[in-house]
Amino acid sequence: MDSRKLEEQIEKLGLVPVVVLHDAKDAKPLAQALCQGGLPCAEVTFRTDAAEESIRQMSREFPDMLVGAGTVLTVEQVNRAVDAGAKFIVSPGFDPQIVDYCLNRQIPVFPGCVTPSEVAQAVKRGLRVVKFFPAKQYGGVSTIKALAAPYVGLRFMPTGGVSASNLREYLECSSIVACGGSWMVKGDLIQAGAFEEITRMTREAVDLAKEIRG
């Protein structure tokens with residue numbers, strides 16, 4: 001998928017669920033719960049052995065869903081994720097090797113940037129959107145605004161410490177494309193098979209994002 005089109009779709013949603021799956025059998029019902037809740041998007045973290053197969057199942061069963069891979073730490077993981085159907089790559093920090101590899105292959109990538117030096121490297125490569133992680137620990141919206149001031153045109157996707165209680169503060173900032181969050185896809189809910197509850201919480205999150213963004 002074209003990076004600009006993907007960014008536009010993510011901005012329209014305003015939210016990117018950050019998902020940790022320990023068993024690929026939960027991938028399909030979770031994807032269905034998110035779609036039914038009005039949020040056809042998921043960043044499946046490569047923290048578990050089930051990530052690759054989960055991405056494969058989500059992408060196959062819900063081809064229009066924006067399924068990406070998060071916590072990508074190596075080029076080898078990029079290849080596995082993309083082969084499984086991932087539409088975008090997210091890394092927690094700025095790894096030049098991963099970023100350049102993705103850009104050379106026209107794979108949408110959102111590297112983590114929390115310092116001016118990291119942001120400068122992203123801008124130098126023509127990136128328009130970067131991840132800001134961990135958002136809470138690095139100053140949240142105030143830091144994002146400070147970074148965005150000299151780097152006009154670059155926008156951020158904060159993740160880490162974002163919740164329903166502070167979503168408004170983030171989404172009201174024009175330098176933020178969307179927020180990554182896990183409160184609607186908590187691990188205990190997934191493991192308990194509480195997918196109806198996930199749908200309900202997702203719908204609440206979507207309604208809140210729409211209210212904030214208008």
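Select strand S1, residues 15-19, in this predicted model. The strand is mostly covered, with 5 of its 5 residues buried. Display the side chains next: Leu15, Pro17 and Val19 point one way from S1, while Val16 and Val18 point the other way. The general rule is that side chains in a regular strand alternate between the two faces of the sheet.

Keep S1 in view and add strand S8, residues 179-181. These two strands pair in the parallel sense, over 3 bridges. To locate the pairing, select leucine 15, which stands opposite cysteine 179 in S8.

Now add strand S2, residues 41-45, which runs parallel to S1 and is joined to it by 2 bridges. Here valine 18 is the residue to select, for it stands opposite glutamate 43 in S2. Trace the chain from S1 to S2: the path passes through helix H2, residues 27-36, and this β-α-β crossover is right-handed.

The cysteines may be selected next. A disulfide is a covalent bond between the sulfur atoms of two cysteines. A search of the whole structure finds 0 disulfides. Why does cysteine 41 have no such bond? The closest cysteine sulfur, in cysteine 35, is 9.6 Å from the sulfur of cysteine 41, which is too far for a bond. Cysteine 41 counts as buried because its relative accessibility is 0%. Cysteine 102 can be examined in the same manner: the closest cysteine sulfur belongs to cysteine 113 and lies 13 Å away, too far for a bond. Cysteine 102 also has 0% relative accessibility and therefore counts as buried.

Move on to helix H7, residues 140-148. Which residues of H7 are buried? They are Gly140, Val141, Ile144, Leu147 and Ala148. These residues cover an arc of only 125° around the axis, so they are on the same side of H7. An α-helix has 3.6 residues a turn, so residues three or four places apart point the same way. Turn to the other side of H7 to find Ser142 and Ala146, which are exposed. To see what covers the buried residues of H7, display helix H6 (116-124), strand S6 (129-132), S7 and H8, which are among the covering elements.

Finally, select asparagine 166, in the loop between strand S7 (155-158) and helix H8 (167-171). Is this residue buried or exposed? Asparagine 166 counts as buried because its relative accessibility is 18%, and the cut-off for buried is under 20%. Show its side chain, which reaches the backbone oxygen of glycine 161 at 3.0 Å.

Note on methods
Residues are numbered from 1 along each chain as its sequence is written. This is a predicted model: local features need pLDDT of at least 70, side-chain atom pairs count only at pLDDT 80 or more; totals for chains, interfaces and linings use all residues. Side-chain values use heavy atoms; hydrogens and water are left out. Helices (H or I, at least four residues) and strands (E, at least two) are DSSP runs, numbered from the N terminus. Buried means under 20% relative accessible area, exposed over 50%, partly exposed in between (1.4 Å probe, protein chains only). A polar contact is a pair of N or O atoms within 3.5 Å; within protein, one must be able to donate a hydrogen and the other to accept it, and residues adjacent in sequence count only if both atoms are side-chain atoms. Two strands pair if DSSP finds at least two bridges between them. A crossover is right-handed if, with the strands pointing away from the viewer, the path from the first strand over the helix to the second runs clockwise. A disulfide is a pair of cysteine sulfur atoms within 2.5 Å. The arc is that of the directions from the helix axis to the C-beta atoms. Contact means heavy atoms within 4.5 Å.
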